[in-house]
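The following exercises ask the student to read a protein model step by step. Please attempt each task before turning to its solution.

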Amino acid sequence: MVYIGLAGSPSLIDTRTLALKDVTAVGILSASPGLDDTITAYASGTVEPRPLVAATVGLEQVGAVLAGQWPDGAGPGPKIHVDPRIS
């Protein structure tokens with residue numbers, strides 16, 4: 001998962017979930033300077049994202065994906081894109 005931005009108050013993360021589900025959480029500060037160039041590369045077609053994205057799901061499917069249930073019709077890519085506009 002990729003999170004962009006910081007909350008105004010500390011986030012409460014159950015570290016047992018990280019350890020027991022073998023999840024990796026990585027924090028990065030100042031990734032924002034790379035966003036403009038990244039967006040430009042995708043928009044211009046310089047970078048083709050389709051091989052990376054196995055499927056795009058709506059918010060109601062996120063729980064199942066996080067539980068390890070790959071969406072029907074998912075491709076071979078390693079990533080799942082979440083689009084909150086999809087119902």
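**Exposure and salt bridges**

At 65% relative accessibility, Arg50 counts as exposed, since the cut-off for this class is over 50%. The model examined here is predicted.

**Exercise 1.** Determine how many salt bridges a search of the whole structure finds, and identify the partner of Glu48.

*Solution.*
Step 1. The search of the whole structure yields two salt bridges.
Step 2. In one of them, Glu48 is paired with Arg50, and their closest N and O atoms are 2.6 Å apart. This separation satisfies the criterion, which requires a side-chain nitrogen of Lys or Arg within 4 Å of a carboxyl oxygen of Asp or Glu.
Step 3. Side chains of opposite charge can pair when their charged atoms come close.
Step 4. Glu48 has a relative accessible area of 39% and is therefore partly exposed.

**Exercise 2.** Classify Asp83 and Arg85 as buried, partly exposed or exposed, and state where Asp83 is found.

*Solution.*
Step 1. The side chains of Asp83 and Arg85 form a salt bridge, with an N to O distance of 2.9 Å.
Step 2. Arg85 is exposed because its relative accessible area is 73%.
Step 3. Asp83 has a relative accessible area of 11% and so counts as buried, the limit for that class being under 20%.
Step 4. Asp83 is located in the segment after β2 (79–82). Apart from neighbours within four places in sequence, Asp83 is in contact with Thr56, Val57, Gly58 and Leu59.

**Exercise 3.** Describe the cover of α2, and name the residue just after α2 that takes a positive phi.

*Solution.*
Step 1. α2 has ten residues, and one of them is buried; this helix is hardly covered.
Step 2. Gly45, just after α2, takes a positive phi of about 90°.
Step 3. Leu52 lies in the loop between α2 (35–44) and β1 (53–57). Leu52 is partly exposed, because its relative accessible area is 37%.
Step 4. Together with Tyr42 and Val47, Leu52 forms a nonpolar patch on the surface, with about 230 Å² of accessible area in total.

**Exercise 4.** State which element has the lowest confidence and which has the highest.

*Solution.*
Step 1. The protein has an average pLDDT of 84, and 93% of the residues score at least 70.
Step 2. Confidence is lowest in helix α1 (residues 15–20), with a mean of 79, and highest in β1, at 95.
Step 3. Where pLDDT is low, predicted coordinates should not be read in detail.

Note on methods. Residues numbered from 1 in each chain as written. Predicted model: local features only at pLDDT ≥ 70, side-chain atom pairs only at ≥ 80, totals over all residues. Heavy atoms only, no water. Patch = residues over 30% accessible without salt bridge, like charges linked within 9 Å, V, L, I, M, F, W, Y side chains within 5 Å. Areas by Shrake-Rupley, 256 points an atom, 1.4 Å probe, with all protein chains shown as cover. Helix = DSSP H or I, 4+ residues; strand = E, 2+ residues; numbered from the N terminus. Buried < 20%, exposed > 50% of the residue type's maximum accessible area, 1.4 Å probe, protein only. Contact = heavy atoms within 4.5 Å. pLDDT = per-residue confidence, 0-100.
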